Amino acid sequence: MKKLTSLLAALMLVPLSAMADADPRALIVVTSHSVMGDTDKPTGLWLSEMTHPHHELTTAGIEVELASIDGGAAPIDPWSLEGDDPINAAFLASPETRRLLDNTAKLADVDPADYDAILFAGGHGTVWDFPDSPAVEKIGSAIYAQGGYVAAVCHGPTALLNLRDEQGNLLIDGKRVAGFSNAEEAEVGLTEVVPYLLQDALSAGGALYQEGEMFQPFVVQDDRLITGQNPQSATELGKTLAAALADKR
């Protein structure tokens, strides 16, 4: 039986190690930006937008790794630690998962060939460091080009503003996309603080912006692009991505 398996692997030109390692892998990318624009107010990752998808993906048996723009410890928006969130609490309490957040890989050092999906978590910090990151553009576009999924939640879709397909067109052009709405930005009082409004920027890039109710779960899937509107969409986004990756098995 071993000889037959080896022969089949040789004929397919696929190493046995690669055949055994067929489970999908996902990369979650978080911000490294920690200050809210020209203010002295702290910002960073909105924690649940990483922990909730991480929980859904790992529960589904998908291996997940974390990266950030600069690598190392990722800043957490202190407001995202408010309230009773058992998934956040469990992630921070476990040395194994907390280590992931305190020692993120530098995104520029990541090999996109290792992943079947990339998920851009939100938080206001992303507004400043996601769109102009060459690593975001290179790795996000590469994962999509190789047949992988690109997902983003809340302000995470700022990463999509400069991603391009193999023809050089903006990835969001003509696609249905969700993201933090103008109304939600106004509700949190940051319209005049952020350098641009995400809804407007997505629309300017040709996206068919989709909007649900304020601060209610709303997820849109357009082929291999999956986006969620706000923090409340993080769990559903994780479930949607997990289900899509299950189909690749």
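These questions and replies concern strand pairing and helix packing in a predicted model.

Me: What makes β3 and β8 edge strands of the sheet?
Reply: The open, mixed sheet has seven strands in the order β3-β2-β1-β4-β5-β9-β8. β3 (105-106) and β8 (219-222) each have a single partner strand, so one side of each is left without a neighbour in the sheet.

Me: How do you know that β1 and β4 count as paired?
Reply: Pairing needs at least two bridges. Four bridges join β1 (residues 25-30) to β4 (residues 117-120), so the two strands pair, and they run parallel. L27 is opposite I118 of β4.

Me: Which strands does helix α10 touch?
Reply: Helix α10 (residues 234-246) packs on the sheet and touches β1, β4, β5 (149-153), β8 and β9 (225-228).

Me: Why is α10 called roughly antiparallel to β5?
Reply: Their directions make about 175°. Angles over 145 degrees count as roughly antiparallel, so the term applies to α10 and β5.

Me: Why are α4 and α5 called roughly perpendicular?
Reply: The axes of α4 (residues 86-93) and α5 (residues 95-102) cross at roughly 85° and come within 5 Å. The range for roughly perpendicular is 65 to 115 degrees, and the crossing therefore falls under that term. A90, F91, L92 and A93 of α4 meet P95, T97, R98 and L101 of α5.

Me: What makes R98 the charged residue in the contact of α4 with α5?
Reply: Arg counts as charged, and R98 of α5 is part of this contact. By class, the contact holds six nonpolar, one polar and one charged residue.

Methods
Residues numbered from 1 in each chain as written. Predicted model: local features only at pLDDT ≥ 70, side-chain atom pairs only at ≥ 80, totals over all residues. Heavy atoms only, no water. Contact = heavy atoms within 4.5 Å. Axes fitted to C-alpha atoms, helices over the stretch in contact; angles between N-to-C directions. Parallel < 35°, antiparallel > 145°, perpendicular 65-115°, else oblique.
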